[in-house]
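Colleague: I've just loaded this one and I'd like to go through it with you. Mind if I throw some questions at you?

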Amino acid sequence: MKKVLFIDRDGTLVIEPPVDYQLDSLEKLEFYPGAFQWLAKIVTELDYELVMVTNQDGLGTDSFPEDTFWPAQNKIIQAFENEGITFKEILIDKSFPEDNAPTRKPRTGLLNEYIYGDYDLANSFVIGDRATDVELATNLKAQGIFIGEQNEDAVLCTKSWAEIYNYLKAIPRKATVTRTTKETDITVTVNLDGNGQSKLDTGIGFFDHMLEQIAKHGNINLEASVKGDLEIDEHHTIEDVAITLGEAFLKALGSKKGIERYGFLLPMDDCLAQVGIDFGGR
């Protein structure tokens, strides 16, 4: 399932004009400090789609003609694209607050694709500088990052895009997979950003020992709980644990950003071990 960063525009990507809070000319355009640098790192290293969600009060009316809005908006999008930052979608609500439109943040009318589609909203974030952005996160059952001093419902309050990057980067890549067949009942949990801890119960002592080495030398956390038909043979248990472990790795890796091939050659006194592992998905 895909994860999303729903990002507000004014006060988050660009500085909101302090006089009339309306970005209606290129002269008023000023980008939020650090937004280019740290969003580019998020796009390059982390596994999120970017969606811009913005309220533009009365856009298209006499108080905010569209021909004064689009030059600055187009310049914003082009500037971010020049840095490799592309928004999957740009969602603009044009209503006034008093209209109580279902599409206006914190309401979710613009976001049905993400609510009903194949998206992991629990691990997605809304980033914005207003309480309504954090409320939107709550309504989406996502998490809120508040650009400001304090919001008790946000998981992070900051004015720094560097801190946002560091927070998202530190989230461990975890997955749990359960596989049940006629021969086995298996649950495997992996944390790819763990510290080498393992909790293993496959019913086969030597297999537990070998799985422990994966956790220890891979510096990952690994749990496996297995009920297998050991009264028949060991091969169903070993085979099905391998399948389940592979599925857990696949789920935890997501789109595999930043993953590269790994291998080693280890000559010892009386044996030669060679291992090649490819998580490329081919």
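Colleague: Which residue in β5 stands opposite Val-126?

Modeller: Heads-up: this is a predicted model, where local features need pLDDT of at least 70, side-chain atom pairs count only at pLDDT 80 or more, and totals for chains, interfaces and linings use all residues. Residues are numbered from 1 along each chain as its sequence is written, and side-chain values use heavy atoms, with hydrogens and water left out. Strands (DSSP runs of E, at least two residues) and helices (H or I, at least four) are numbered from the N terminus, and two strands pair if DSSP finds at least two bridges between them. Strands β4 (residues 125-128) and β5 (residues 143-147) run parallel, joined by 4 bridges, and opposite Val-126 stands Gly-144.

Colleague: There's an open sheet of 6 strands; what does its twist average from one strand to the next?

Modeller: The order is β3-β2-β1-β4-β5-β6, with parallel pairing. β3 and β6 (156-158) sit at the edges with a single partner strand each, so one side of each has no neighbour in the sheet. Taking axes as lines fitted to C-alpha atoms, with angles from 0 to 180 degrees between N-to-C directions, the twist averages 20°.

Colleague: Which helix does the chain pass through as it crosses from β2 to β3?

Modeller: Start one step back: β1 (residues 4-7) and β2 run parallel with 4 bridges, and Leu-5 stands opposite Leu-50 in β2. Those two strands and helix α1 (residues 35-45) make a right-handed β-α-β unit (with the strands pointing away from the viewer, the path from the first strand over the helix to the second runs clockwise). The crossover from β2 to β3 is right-handed too, and it goes through helix α2.

Colleague: And what is the bridge partner of Val-51 in β3?

Modeller: β2 (residues 49-55) is mostly covered, with 6 of its 7 residues buried (under 20% relative accessible area; exposed is over 50%, partly exposed in between, 1.4 Å probe, protein chains only). β2 and β3 (residues 89-93) run parallel and share 5 bridges. The partner of Val-51 there is Glu-89.

Colleague: Over to the sheet of 4 strands. What does the twist average there?

Modeller: That open sheet has the order β7-β8-β10-β9 and mixed pairing. β7 (174-180) and β9 (198-201) are the edge strands; each has a single partner, so one side of each is left without a neighbour in the sheet. From one strand to the next, the twist averages 5°.

Colleague: Which residue in β10 is opposite Thr-187?

Modeller: Strands β8 (residues 184-191) and β10 (residues 221-228) run antiparallel, with 8 bridges joining them. Opposite Thr-187 you'll find Ser-225.

Colleague: Let's do charges. Are Arg-9 and Asp-10 buried or exposed?

Modeller: The whole structure has 16 salt bridges (a Lys or Arg side-chain nitrogen within 4 Å of an Asp or Glu carboxyl oxygen). Arg-9 and Asp-10 make one of them, at 2.6 Å, N to O. Arg-9 has 0% relative accessibility and Asp-10 has 6%, so both fall under the cut-off and count as buried.

Colleague: How far apart in sequence are the parts that Lys-88 and Glu-113 tie together?

Modeller: Lys-88 is partly exposed at 38%, and Glu-113 is partly exposed at 38% as well. Their side chains meet in a salt bridge of 2.8 Å, N to O. Lys-88 is in the loop between α2 and β3 and Glu-113 in helix α3 (residues 112-116), so the separation is 25 residues.

Colleague: Which residues share a network of salt bridges with Lys-105?

Modeller: Lys-105 and Asp-133 meet at 2.8 Å, N to O. The pair links Lys-105, in the loop between β3 and α3, to Asp-133 in helix α4 (residues 131-140), 28 residues away. Both Lys-105 and Asp-133 are buried. The network joins Lys-105 with Asp-8 and Asp-133.

Colleague: Last one: which element gives the most residues to the nonpolar patch?

Modeller: The patch (nonpolar side chains Val, Leu, Ile, Met, Phe, Trp or Tyr joined within 5 Å, each residue over 30% relative accessible area and without a salt bridge) covers about 540 Å² and is made by Tyr-262, Phe-264, Leu-266, Met-268, Val-275 and Ile-277. β11 (262-267) and β12 (272-277) are the elements giving two or more residues. Met-268 lies in the loop between β11 and β12. With 3 residues, the top contributor is β11.

Conventions. Patches are made of residues with over 30% relative accessible area and no salt bridge: like charges are joined within 9 Å, nonpolar side chains (Val, Leu, Ile, Met, Phe, Trp, Tyr) within 5 Å. Accessible areas come from the Shrake-Rupley method with a 1.4 Å probe; for residues, only the protein chains shown count as cover.
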